[in-house]
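Here are my notes on the fold, for reading beside the coordinates. Please go through them point by point.

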Amino acid sequence: MALLHPSRDQLRIDSVLSALGNPTRLAVVRVLDSGGEYNCTGVLKVLGITAKSTMTHHWRVLRESGVIRQTPSGREFLLELRRSDLDARYPGLLDTVLAGARADEDAEAGERV
């Protein structure tokens, strides 16, 4: 099965921001930002998600926006953050979005205390 992965030059800011604007997809990106490749099941375990059915949509949005790369590996796909492409196309964007996500998480944790 051929998967759509836009080239670096085909990345568009509106698609990238739309993909990162969803809490589930942003959580996936945060996991993948730790480096390396994860299989889909591994990401779901880290996030504590048991329903795989809705994740297919999230994988597609992330892949087609150019945020992740999916590579077939047996019966699953390996997921990798396209950090170098995103950093080259939009310097500092990913770092800023991830820092904002951490700040929001810290603020929410402080409100619960």
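1. Start with the crossing of H1 and H4. H1 passes H4 in a left-handed crossing. This is a predicted model, so keep that in mind throughout. The two axes come within 9 Å and cross at roughly 150 degrees. That angle is over 145 degrees, so H1 counts as roughly antiparallel to H4.

2. Which residues make this contact? On the H1 side they are Ser 15, Val 16 and Ala 19. On the H4 side they are Val 61, Leu 62 and Ser 65. By class, the contact of H1 with H4 holds 4 nonpolar residues, 2 polar ones and no charged ones.

3. Look at Ser 15 in that contact. Ser 15 belongs to helix H1. Is Ser 15 buried, partly exposed or exposed? Its relative accessible area is 33%. Buried would need under 20% and exposed over 50%, so Ser 15 is partly exposed. Its C-alpha is 8.6 Å from that of Val 61, although 46 residues separate the two along the chain.

4. Helix H4 deserves its own point. H4 covers residues 55–65. Its buried residues are Met 55, His 58, Trp 59, Val 61, Leu 62, Arg 63 and Ser 65. Note that Arg 63 is on that list. What do these buried residues pack against? Their partners are three helices, H1 (13–20), H2 (23–32) and H3 (40–47), and two strands, E2 (68–73) and E3 (76–81). After H4 comes Gly 66, which has a positive phi near 90 degrees.

5. Next, the strands beside H4. H4 lies across E2 and E3, and runs at about 120 degrees to E2. The sheet is open, has 3 strands and follows the order E1-E3-E2. Its pairing is antiparallel. Strand E1 (38–39) and E2 each have a single partner strand, so they stand at the edges, and one side of each is left without a neighbour in the sheet.

6. Now the pairing in detail. E2 and E3 are joined in the antiparallel sense over 6 bridges. E1 and E3 are also antiparallel, over 2 bridges. To check the register of E2 against E3, use two pairs. Ile 68 has Leu 81 as its bridge partner in E3. Ser 73 sits opposite Glu 76 in E3. For E1 against E3, find Tyr 38, which stands opposite Leu 79.

7. The turn of the hairpin is worth a look. E2 and E3 form a hairpin with 2 residues between the strands. There, Gly 74 takes a positive phi near 65 degrees.

8. Glu 80 is a useful residue to follow. Glu 80 lies in strand E3. Glu 80 is partly exposed, at a relative accessible area of 33%. Which residues does Glu 80 contact, leaving aside neighbours within four places in sequence? They are Leu 32, Gly 36, Glu 37, Val 67, Ile 68 and Arg 69. Take Leu 32 as one of these. Leu 32 and Glu 80 are 48 residues apart in sequence, but their C-alpha atoms are 6.3 Å apart in space.

9. Last, the packing of H2 with H3. Two packed helices are described by the angle between their axes and the distance between the axes. For H2 and H3, the angle is about 105 degrees and the axes are 10 Å apart. An angle from 65 to 115 degrees counts as roughly perpendicular, and H2 and H3 are therefore roughly perpendicular to each other. H2 brings Ala 27, Val 28, Val 31 and Leu 32 to the contact, and H3 brings Val 43, Val 46 and Leu 47. The contact of H2 with H3 has 7 nonpolar residues, no polar and no charged.

Key. Residues numbered from 1 in each chain as written. Predicted model: local features only at pLDDT ≥ 70, side-chain atom pairs only at ≥ 80, totals over all residues. Heavy atoms only, no water. Buried < 20%, exposed > 50% of the residue type's maximum accessible area, 1.4 Å probe, protein only. Helix = DSSP H or I, 4+ residues; strand = E, 2+ residues; numbered from the N terminus. Contact = heavy atoms within 4.5 Å. Pairing = 2+ DSSP bridges. Axes fitted to C-alpha atoms, helices over the stretch in contact; angles between N-to-C directions. Parallel < 35°, antiparallel > 145°, perpendicular 65-115°, else oblique. Left-handed = near helix turned anticlockwise from the far one by under 90°. Nonpolar A, V, L, I, M, F, W, Y, C, P; charged D, E, K, R; others polar.
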